[in-house]
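Visitor: Hi! I'd like to walk through this one with you, a few spots at a time. Can you pull it up?
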Amino acid sequence: MTADSSPAPVPAATGTVTTAVPARLDRLPWSRWHWMIVIGLGTVWILDGLEVTIVGNVAGRIAEDGSGLDISAAQVTGLAAALYVAGACAGALFFGWLTDRHGRKKLFMATLVVYLAATALTALSFESWWFFLFRFLTGFGIGGEYAAINSAIDELIPSKFRGRVDLIINGSYWLGAIGGSLLSIVMLNTDIFPMEWGWRLSFALGVVLGLVILLVRRHVPESPRWQFIHGYGDEAEGLVSSVEREIEREKGGKLPPPAGEITIHQRKSIGFGLIAKTVFGKYPRRAVLGLSLFIGQAFLYNAITFGFGTILITFFDVPTGRTGYYFAVIAAGNFLGPLLLGKLFDTVGRRIMISSTYLLSGVLLFGTAWLFDRGSLTATTMTACWCVVLFFASAGASSAYLTVSEVFPMETRAMAIAFFYALGTAAGGISGPLLFADLTESGVVGDTVFAFQIGAGLMCAAGIVAAFLAVKAERRSLEDIAEPLSAAGAGTSGGAPGGTPKTPGAAPA
């Protein structure tokens with residue numbers, strides 16, 4: 001078996017096993033194998049950024065006469081955006097449940113196929129209902145990606161790199177946003193493409209990128225952590241052994257011995273009742289933390305950035321075909337945040353970095369709202385302010401996904417990601433676009449100021465929650481942060497899960 005091959009599909013056999021697989025994975029040095037994981041799994045966020053940004057930037061063009069679609073800009077940035085987010089919430093829950101039951105690999109392949117098919121059919125829209133339907137289904141596939149991908153990444157990346165890698169991967173959304181912004185400039189140029197074809201080709205190019213990612217993703221293995229819990233212990237041991245041999249050849253030396261072992265009572269599936277009891281009964285403080293972080297970032301991003309092009313057009317008279325330049329600058333600021341600050345989440349620590357990035361972005365957004373209300377901003381200075389705000393907000397938002405993917409037990413990971421993403425995003429991401437579409441299109445400065453203040457207030461509130469409740473998870477094994485429900489002595493047969501973490505300061509919160 002090679003490091004990038006999948007185990008043979010043999011029936012799972014449950015029992016009690018003692019394994020060093022988690023410790024063996026955590027002590028690996030960074031290698032080509034890890035780059036393959038990052039490229040195969042992490043690049044889907046580029047697709048999401050491309051998708052959302054294209055829709056925001058082409059909204060004005062789709063609404064124009066001659067676009068081939070009878071739809072208004074408010075419907076694109078409001079109703080269609082809300083449907084996309086609703087689809088993402090539904091997809092996260094549906095595929096998250098399947099991911100915990102059937103494994104990470106099967107689902108991160110299936111969700112990408114759903115995304116590709118729905119995006120291709122969006123490009124073929126001939127009526128508004130068709131556009132709305134496939135915006136929902138595109139979101140359905142992307143939502144499933146969040147649960148399957150974040151759980152797989154956290155389980156495959158060594159603990160000392162997990163924070164920065166997770167943040168940069170989630171932040172790569174903004175590389176897609178840059179591409180979507182620049183792409184829309186070309187695609188909306190009627191000297192190059194007819195009005196009715198430019199926006200359709202924008203979606204089609206997203207499909208091409210997705211197909212390339214699908215080819216790379218075929219080589220990403222199943223999570224060994226999932227395998228040994230669900231009765232595939234031999235496959236997990238074989239996979240990790242092949243990775244170790246590959247890395248030893250690459251580095252030219254022997255790996256250090258693993259730090260410890262864990263004994264597991266293997267099981268094929270975990271019921272919803274036990275998952276809910278674990279997340280809300282054993283870890284209520286962590287549940288409050290996850291909800292706060294997701295609601296804050298979801299409202300800010302899904303509410304305001306969906307309509308940023310409309311703000312530029314309405315208040316600063318920026319032509320429809322040039323909004324992409326401004327958004328590309330903002331997207332660059334968003335990507336630089338996780339890229340430059342990511343390492344600090346592993347060194348300075350989760351609590352300080354999560355709370356400070358949320359609070360800083362909220363305070364800076366309040367300042368931007370004040371300047372906008374005074375009439376002190378131009379399209380250029382408005383973009384500069386947003387760049388600074390989102391430099392910090394992007395790192396904070398990415399840390400929300402990191403947090404819920406590492407602070408709950410292995411068996412609940414994908415469902416926990418799905419639940420907090422769905423609930424937080426539903427609160428801010430569905431109501432946000434519907435509310436902000438009206439506020440930003442009203443042409444009244446005070447309405448948009450109010451929109452900014454809502455987003456800023458929720459980010460600050462989440463930052464305060466993180467200051468008190470964030471878990472010190474930096475450079476620690478996932479099994480140390482939250483003991484698996486299947487661990488020997490964890491009390492998983494019927495009653496409330498028990499057991500205590502192995503590291504001081506990691507008591508269930």
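Visitor: Let's start with Glu235: buried or exposed?
Guide: Glu235 is buried, because its relative accessible area is 13%, and the cut-off for buried is under 20%. Keep in mind that this is a predicted model.

Visitor: Which helix is Glu235 in?
Guide: Glu235 belongs to helix H11.

Visitor: And how far is Glu235 from Glu222, C-alpha to C-alpha?
Guide: The C-alpha atoms of Glu235 and Glu222 are 9.5 Å apart in space, with the two positions 13 residues apart in sequence numbering.

Visitor: What about Ser241, where is that found?
Guide: Ser241 is also a residue of helix H11. Its relative accessible area is 21%, so Ser241 counts as partly exposed.

Visitor: How far apart are Ser241 and Arg24?
Guide: In sequence they are 217 residues apart, yet from C-alpha to C-alpha Ser241 and Arg24 are 9.1 Å apart in space.

Visitor: Now His230. Where does that lie?
Guide: His230 sits in the loop between helix H10 (224–229) and helix H11 (233–251). His230 counts as buried because its relative accessibility is 4%.

Visitor: Which backbone oxygen lies 2.9 Å from a polar atom of the His230 side chain?
Guide: That of Trp226: its backbone oxygen is 2.9 Å from a polar atom of the side chain of His230.

Visitor: Switching to strands. How many bridges join E1 to E2?
Guide: Four bridges join strand E1 (residues 16–19) to E2, and the two run antiparallel. To give you one pairing, Thr16 has His265 in E2 as its bridge partner.

Visitor: Which residues of E2 are on the covered face?
Guide: In strand E2 (residues 262–265), Ile262 and Ile264 make up the covered face, while Thr263 and His265 are on the uncovered one. That means the partner of Thr16, His265, is on the uncovered face of E2.

Visitor: Aromatics next. How many aromatic pairs are there?
Guide: The count comes to 28 aromatic pairs. One of them is Trp130 with Phe134, a tilted pair at 4.8 Å centre to centre and 50° between the planes.

Visitor: Where do Trp130 and Phe134 lie?
Guide: Both are in helix H6 (residues 128–156), four residues apart, which is about one turn of the helix. Trp130 and Phe134 are both buried, too.

Visitor: Why is the pair of Phe408 and Phe420 stacked?
Guide: Their planes are at 10°, with ring centres 5.5 Å apart, so Phe408 and Phe420 count as stacked; the cut-off for stacked is under 30 degrees. Phe408 is in the loop between helix H17 (379–406) and helix H18 (413–441), and Phe420 is in helix H18, twelve residues apart. Both Phe408 and Phe420 are buried.

Visitor: Which residues do ring pairs link into a cluster?
Guide: Trp45, Tyr146, Phe294, Tyr401 and Tyr421 are linked into a cluster by ring pairs.

Visitor: Last topic, confidence. What is the mean pLDDT of the protein?
Guide: The mean is 83, and 87% of the residues reach 70 or more. Confidence is highest in helix H16 (residues 350–374), at 96, and lowest in helix H3 (residues 44–62), at a mean of 73.

Visitor: Where does pLDDT stay under 50?
Guide: Residues 1–11 stay under 50, and the model has 25 contacts beyond four places in sequence for them. Residues 491–509 also stay under 50, with 48 such contacts. Where pLDDT is low, the predicted coordinates should not be read in detail.

Terms used. Residues numbered from 1 in each chain as written. Predicted model: local features only at pLDDT ≥ 70, side-chain atom pairs only at ≥ 80, totals over all residues. Heavy atoms only, no water. Buried < 20%, exposed > 50% of the residue type's maximum accessible area, 1.4 Å probe, protein only. Polar contact = N/O pair within 3.5 Å; in protein donor to acceptor, adjacent residues only side chain to side chain. Pairing = 2+ DSSP bridges. pLDDT = per-residue confidence, 0-100. Contact = heavy atoms within 4.5 Å. Phe/Tyr/Trp six-rings, centres within 6.5 Å; stacked < 30°, edge-to-face > 60°.
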